[in-house]
Amino acid sequence: QVQLVESGGGLVQSGGSLRLSCAASGRFFVIYDMGWYRQAPGKRRELVADITSGGSTNYVDSVKGRFTISRDNAKNTVYLQMNNLKPEDTAVYYCNADVYAEVPRRRNDYWGQGTQVTVSA
């Protein structure tokens, strides 16, 4: 089994910063892309940012210049540094990883449990 455990969410004022972390554990061979998604009430889940195992990144336009995704392959961890937060960033943030697991032996998408980020005006 592969597990993704997120941390770092919370309540912050507009203009503030938060750093999310997501650590993968369990039995696996390779972690390919890792990413962060978010879902606000009444809205669809959307990709915020993702990063390949080689470090190439991709961001949704609304967070470019404010958020930075990074990863530590030795720790099987992905981070999301969020600066200049806005009320519209309020959502549950989910970690996602494309993993080739040992059991079952196959490549699959895994999700974290989600962490709430609330930005007050």
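User: How many salt bridges does the count come to in this predicted model?
Analyst: The model is predicted. A pair counts when a side-chain nitrogen of Lys or Arg lies within 4 Å of a carboxyl oxygen of Asp or Glu. R27 and E102 make one such pair, at 3.1 Å from N to O. By this rule the count comes to six.

User: How many residues apart are R27 and E102, the two ends of that salt bridge?
Analyst: R27 sits in the loop between strand 3 and strand 4 (28-39). E102 sits in the loop between strand 9 and strand 10 (106-111). The pair therefore links distant parts of the chain, and the separation is 75 residues.

User: Is R27 buried or exposed?
Analyst: The cut-off for exposed is over 50% relative accessible area. R27 has 54%, so R27 passes it. Its partner E102, at 23%, counts as partly exposed. R27 counts as exposed.

User: Which residue forms a salt bridge with D89 at 3.0 Å, and which parts does the pair tie together?
Analyst: D89 lies in the loop between strand 8 (77-82) and strand 9. The partner lies in strand 4, so the pair ties together parts that are 51 residues apart in sequence. Both residues are buried. The partner is R38.

User: What is the distance between the closest N and O atoms of R66 and D89?
Analyst: R66 forms a salt bridge with D89. R66 is in the loop between strand 6 (57-59) and strand 7 (67-72), 23 residues from D89. R66 and D89 are both buried. The closest N and O atoms are 2.8 Å apart.

User: Which residues are joined into one network by salt bridges that share partners?
Analyst: D89 forms a salt bridge with R38. D89 also appears in the salt bridge with R66. The network of shared partners consists of R38, E46, R66 and D89.

User: Where is the disulfide, and what is its handedness?
Analyst: A search of the whole structure finds one disulfide. C22 and C95 form it, with sulfur atoms 2.1 Å apart. C22 is in strand 3 (residues 18-26) and C95 in strand 9 (residues 91-101), 73 residues apart. The torsion about the S-S bond is about -80°, so the disulfide is left-handed.

User: Are C22 and C95 buried or exposed?
Analyst: Buried means under 20% relative accessible area. C22 has 0%, so C22 meets that cut-off. C95 also has 0%. Both cysteines are buried.

User: Which backbone nitrogen lies 3.0 Å from a polar atom of the D72 side chain?
Analyst: D72 is in strand 7. At 25% relative accessibility, D72 counts as partly exposed. Leaving out residues up to four places away in sequence, D72 touches T77 and Y79. The backbone nitrogen belongs to A74.

User: Which residue in the turn between strand 4 and strand 5 has a positive phi?
Analyst: Strand 4 and strand 5 (residues 46-51) pair in the antiparallel sense over five bridges. Y37 has L47 as its bridge partner in strand 5. The two strands form a hairpin with six residues between them. The residue, with a phi of about 75°, is G42.

User: What is the phi of G55 in the turn between strand 5 and strand 6?
Analyst: Strand 5 and strand 6 pair in the antiparallel sense over three bridges. D50 stands opposite N58 in strand 6. Five residues lie between the strands of this hairpin. In its turn, G55 has a positive phi of about 100°.

Technical notes
Residues numbered from 1 in each chain as written. Predicted model: local features only at pLDDT ≥ 70, side-chain atom pairs only at ≥ 80, totals over all residues. Heavy atoms only, no water. Disulfide = S-S within 2.5 Å. Helix = DSSP H or I, 4+ residues; strand = E, 2+ residues; numbered from the N terminus. Buried < 20%, exposed > 50% of the residue type's maximum accessible area, 1.4 Å probe, protein only. Contact = heavy atoms within 4.5 Å. Polar contact = N/O pair within 3.5 Å; in protein donor to acceptor, adjacent residues only side chain to side chain. Pairing = 2+ DSSP bridges.
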